[in-house]
Amino acid sequence: MSRLAPIRLDQTLAVVIPSYKVLAHVLDVIGRIGPEVAMIFVVDDACPEGSGNHVEENCSDPRVRVIRHAQNKGVGGAVMTGYQAALAAGADVIVKLDGDGQMDPALIGRIARPVLEGRADYAKGNRFHSIWNVRKMPALRLWGNAALSFVTKLSSGYWSLFDPTNGYTAIHASALEMLEPANISERYFFETDMLINLGNARAVVADVPMEAVYGEEISNLNIRRESGQFLIKHLREMVKRIFYNYLLRDFSLASVQLLAGSAMLLFGVVFGMVHWYDSLASGHIASTGTVMVAVLPIILGFQLLLNFLAFDMANEPKHPLQPAPSLTELLSGTRRREATKVA
């Protein structure tokens with residue numbers, strides 16, 4: 001049914017390209033951006049290669065606007081600067097495209113389509129959709145993304161999404177305006193932080209199948225240095241999300257299951273450990289009743305937490321934040337599809 005959704009023809013599409021050490025690729029990326037894009041914002045994030053000057057001197061595309069940072073703010077800071085510039089220029093949907101050549105500009109329409117059709121507030125690429133594409137992915141990236149995908153499901157609440165660090169994204173202006181830039185990381189946690197903040201705003205996010213291109217580009221991410229910080233941030237955001245959604249903003253049966261399940265599981269584990277230690281110290285075997293007092297709360301608590309998890313998975317946002325298309329736009333989309341079928 002999603003294929004029949006009308007594209008809103010009155011919307012302005014913009015592209016933001018964070019530029020840092022991508023001098024060898026950025027002009028080629030810009031040159032392959034199609035006419036469906038109205039504005040292109042290249043953000044020179046204090047690039048030591050002078051990519052901003054390079055684009056201005058060698059690119060004649062009238063859609064391109066170069067923005068410069070006096071100090072490096074990281075990929076997140078550069079993208080947020082581009083987002084704000086696109087909003088100020090009147091963009092309705094904004095696509096973030098890396099300048100290193102790993103993202104095919106020909107996919108801009110596919111990435112933005114769920115947002116243009118009004119089915120989602122935010123769309124992102126998913127390189128894991130095809131088993132053939134997964135086989136081409138470097139092993140370190142494959143396992144790293146798989147692990148990050150799981151912890152991001154916990155911290156963001158988007159259980160149906162995968163490949164959370166994929167930076168090929170599209171966002172609607174209405175969803176972007178609901179986010180607080182100060183709460184979004186400016187460094188390599190940016191893509192995941194966007195999902196977490198969108199989850200807090202109850203925005204609808206869609207995965208879009210895509211293939212990644214692995215060439216001669218070099219990533220600036222130090223995985224060993226950043227992995228510990230990623231884990232800490234995810235755990236902190238998971239606790240914040242659960243507290244906010246199930247205790248502060250709403251209180252439901254799932255909240256009862258969470259509290260009762262956690263309490264019973266904790267009691268069973270602590271009670272069992274204490275009596276297990278006493279049995280070792282005294283040499284006496286614990287009675288059947290003592291064992292059951294420890295085991296039953298653990299079993300019941302675990303079951304209640306599983307029920308809570310099932311509720312949380314079903315509680316993923318389903319209604320987009322962006323304004324619904326008008327009757328005129330719906331009719332325009334219907335007529336356009338009918339004309340396409342006739343042709």
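Visitor: How many bridges join strand S1 to S4, and do the two run parallel or antiparallel?

Guide: The general idea is that strands of a sheet pair through backbone hydrogen bonds, and the pairing is either parallel or antiparallel. Here S1 and S4 run parallel and are joined by 4 bridges. One place to look is Leu 13, which stands opposite Val 93 in S4. Keep in mind that this is a predicted model.

Visitor: How many bridges join S1 to S2?

Guide: There are 6 bridges between S1 and S2, and this pair also runs parallel. To find the register, start from Ile 17, whose bridge partner in S2 is Val 42. Going on from S2 (residues 39-44), 5 bridges lead to S3, again with the strands parallel. In that pair, Val 43 stands opposite Ile 67 in S3.

Visitor: What is the order of the strands in the sheet, and is the sheet open or closed?

Guide: The sheet is open and has 7 strands, in the order S3-S2-S1-S4-S6-S5-S7. Its pairing is mixed. The whole chain has 7 strands, along with 12 helices.

Visitor: Which are the edge strands?

Guide: An edge strand pairs on one side only, and here that describes strand S3 (64-68) and strand S7 (205-209). As for the twist, neighbouring strands are turned against each other by 20° on average, with direction ignored.

Visitor: Which strands does helix H2 touch?

Guide: Helix H2, residues 51-58, packs on the sheet and touches strand S1 (13-19), S2 and S3. The direction of H2 makes about 155° with that of S3. Another helix to look at is H8 (residues 190-200), which lies across strand S4 (93-96), strand S5 (122-126), strand S6 (169-172) and S7. H8 runs at about 140° to S5.

Visitor: How many residues of S1 are buried, and which way do they point?

Guide: S1 is mostly covered, with 7 of its 7 residues buried. Leu 13, Val 15, Ile 17 and Ser 19 point one way, while Ala 14, Val 16 and Pro 18 point the other way. Both groups are buried. For the chain of 343 residues, the buried share is 44%.

Visitor: How many aromatic pairs are there in the whole structure?

Guide: The search finds 4. Take Tyr 246 and Phe 311: this pair is edge-to-face, 6.1 Å centre to centre, with 70° between the planes. The pair counts as edge-to-face because the angle is over 60 degrees. Tyr 246 sits in helix H9 (residues 223-248) and Phe 311 in helix H11 (residues 288-314), so the pair links distant parts of the chain, 65 residues apart.

Visitor: Is Tyr 246 buried or exposed, and what about Phe 311?

Guide: Tyr 246 is buried because its relative accessible area is 2%. Phe 311 counts as partly exposed, at 36% relative accessibility.

Visitor: Which pair is stacked?

Guide: Phe 267 and Phe 271 are stacked, at 5.5 Å centre to centre and 25° between the planes. These two are about one helical turn apart, because they are separated by 4 residues in helix H10 (residues 253-282). Phe 267 is partly exposed, with a relative accessible area of 43%.

Visitor: Which residues form an aromatic cluster?

Guide: One cluster consists of Tyr 246, Phe 308 and Phe 311. Helix H11 also holds Asn 307, which is partly exposed at 31% relative accessibility. The C-alpha atom of Asn 307 is 9.3 Å from that of Gly 261, 46 residues away along the chain.

Visitor: How many cavities does the structure hold, and what lines the largest cavity?

Guide: The general idea is that rolling a probe the size of a water molecule over the atoms shows where empty space is left. Here there are 2 cavities of 30 Å³ or more. The largest has a volume of about 80 Å³. Its lining includes Ser 156, Gly 199, Arg 241, Asn 245, Tyr 246, Asp 312 and Glu 316. The elements that give two or more residues to this lining are H8 and H9, and the largest share, 3 residues, comes from H9. Tyr 246 thus appears in the lining as well as in the aromatic cluster.

Visitor: What share of the contacts with a separation of 6 or more comes from residues 24 or more positions apart?

Guide: The figure for this chain is 79%.

Key: Residues numbered from 1 in each chain as written. Predicted model: local features only at pLDDT ≥ 70, side-chain atom pairs only at ≥ 80, totals over all residues. Heavy atoms only, no water. Phe/Tyr/Trp six-rings, centres within 6.5 Å; stacked < 30°, edge-to-face > 60°. Buried < 20%, exposed > 50% of the residue type's maximum accessible area, 1.4 Å probe, protein only. Pairing = 2+ DSSP bridges. Axes fitted to C-alpha atoms, helices over the stretch in contact; angles between N-to-C directions. Contact = heavy atoms within 4.5 Å. 1 Å grid on protein atoms, 1.4 Å probe; cavity = no way out; pocket = protein on both sides within 12 Å on 5 of 7 lines; lining within 4 Å. Points joined across faces, edges and corners; volume = space filled by probe spheres on them.
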